[in-house]
Amino acid sequence: MNATAYIAAAYGTTLCALVLFWVRSIRQRIQLVEMQQSHLRTQTTQS
Amino acid sequence: MKDGDINFKIAPHPWMICSLPLLLISWAYGLFIVPTDIHQGEVYRILFLHVSCAINAFAISAVLFVCSVQCLWKNNTHFSYWGLPIAETGLFWTIFTLITGSIWGKPTWGVWWTWDARLTTTFILALMYAGFMVLWHAADNSSTRNKSCAILGILIFADVPIIYKSVSWWRTLHQPPSILRTGGATMSTPMLMTLLAVLCCTLLVSAALIRYRAQNRQLESQLEQQMFELESSQKGEPL
């Protein structure tokens, strides 16, 4: 393996993991916001 | 929705969105513009990433320490929201310190891994961050969870000076400090400036991630409270 392959491996894995970490956080937020909205709808229907 | 409830948006704050492109720009500068090292050749460019990951993991442990002390001393409830996101981000950077260090170590030292003092103490840091997360999810009661995790948070921070001094206390494979040392840094100014730029951008990304995930936890606990109130009102029980 040459230096470029090592550099690409290091930066590539970090970038992929960082993007995945971000995407996971945003997906979690979307789920929570959707749950909150559905909960609000239930409350409105009941009242 | 009650007056005290917070309505978070899905999209992150603009400065949070900016943090990732800024990090990529600083990486590109380190990869393509800074001159090649005369001794190590091109492979030294991994160090911009490796060192910034390590300093991030250490800085996050300092933040965790402050939050833990506040939790134990003043019984601060913010720890319920901030504790886990801080530990998750700390674990992320510690794992990447080990991975990038290993990738750099193979062409430089000839081995992927060795039980060197610095590598071992950094590995212990990763285990402690992971232990924090396990403990967080294992506890039933939030007060017990906060206290036990806060104690572990303090212990995590105690490992950082040991990691830093490990290369001086035990002379093993890892080289001694090359930035914070008497007689000044051994790196050339353009390399040092690039490292600082990558470090600042990585810190910004970490702050953005921790803030976003802490807001998620706040939203989660708010939702749990609302669900509980709804269930209680359906059963006709007093809150």
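Helices here are DSSP runs of H or I that cover at least four residues, and strands are runs of E with at least two. On that count, chain A of this predicted model comes out with one helix and zero strands. Its C-alpha trace stretches over about 70 × 10 × 5 Å along the principal axes, and 15% of its 47 residues count as buried.

Chain B is all about helices too, with six of them and zero strands, so to speak an α-α-α-α-α-α pattern when read along the sequence. The C-alpha trace of chain B spans about 75 × 40 × 30 Å along its principal axes. Of the 239 residues in chain B, 33% are buried. If one looks at contacts in chain B between residues at least 6 apart in sequence, 79% of them link residues at least 24 apart.

The two chains meet through 24 residues of chain A and 29 residues of chain B. On the chain A side, that contact is made up of 14 nonpolar, nine polar and one charged residues.

Both chains also feed into the largest nonpolar core, which holds 49 residues. A:A10, B:I46 and B:I156 have the most contacts inside this core. At least two core residues come from each of α1 (3-46) of chain A and, in chain B, α1 (14-33), α2, α3, α4, α5 and α6 (189-235). The top contributor is α2(B), with 13 residues.

Within chain B, the pairing of α4 and α5 is worth a closer look. Packed helix pairs are described by the angle between their axes and by the distance between those axes. For helix α4 (residues 117-138) and helix α5 (residues 142-169) of chain B, the axes come within 9 Å and cross at roughly 170 degrees. With angles over 145 degrees counting as roughly antiparallel, α4(B) and α5(B) are therefore roughly antiparallel to each other. The residues of this contact split into 15 nonpolar, six polar and three charged. On the α4(B) side they include B:T121, B:L125, B:M128, B:Y129, B:F132 and B:W136, while those from α5(B) include B:R145, B:C149, B:L152, B:I156, B:D159 and B:I163.

Helix α4(B) itself has the length one would expect: at 1.5 Å a residue its 22 residues should span 32 Å, and the end C-alpha atoms are 31 Å apart, which agrees. Buried positions in α4(B) are B:R118, B:L119, B:T121, B:T122, B:L125, B:M128, B:Y129 and B:F132. An α-helix has 3.6 residues a turn, so residues three or four places apart point the same way. The cover over the buried residues of α4(B) includes α2 (46-74), α3 (79-109) and α5 of chain B.

Two residues show how these helices come together. B:I156, one of the residues with the most contacts inside the core, touches B:L125, B:M128, B:Y129 and B:F132 as well as B:S61 and B:L64, once neighbours within four places in sequence are left aside. B:N146 also lies in helix α5 of chain B. A residue is buried if 20 or more other C-beta atoms lie within 10 Å of its own, and B:N146 counts as buried because it has 22 C-beta neighbours inside 10 Å. Not counting residues up to four places away in sequence, B:N146 is in contact with B:C71, B:F79 and B:S80. The C-alpha atom of B:N146 is also 8.2 Å from that of B:G83, although 63 residues separate the two along the chain.

Conventions:
Residues are numbered from 1 along each chain as its sequence is written. Chains are lettered from A and ligands numbered from 1 in the order in which they are written. This is a predicted model: local features need pLDDT of at least 70, side-chain atom pairs count only at pLDDT 80 or more; totals for chains, interfaces and linings use all residues. Two residues are in contact if their C-beta atoms, placed from the backbone, lie within 7 Å. Ala, Val, Leu, Ile, Met, Phe, Trp, Tyr, Cys and Pro count as nonpolar, Asp, Glu, Lys and Arg as charged, and the others, Gly among them, as polar. Axes are lines fitted to C-alpha atoms, for helices over the stretch in contact, and angles run from 0 to 180 degrees between N-to-C directions. Angles under 35 degrees count as roughly parallel, over 145 as roughly antiparallel, 65 to 115 as roughly perpendicular and the rest as oblique. A residue is buried if 20 or more other C-beta atoms lie within 10 Å of its own, exposed if 12 or fewer, and partly exposed in between; C-beta atoms are placed from the backbone. The expected span of a helix is 1.5 Å times one less than its number of residues. A nonpolar core is a set of buried Ala, Val, Leu, Ile, Met, Phe, Trp, Tyr and Cys residues joined through C-beta atoms within 7 Å.
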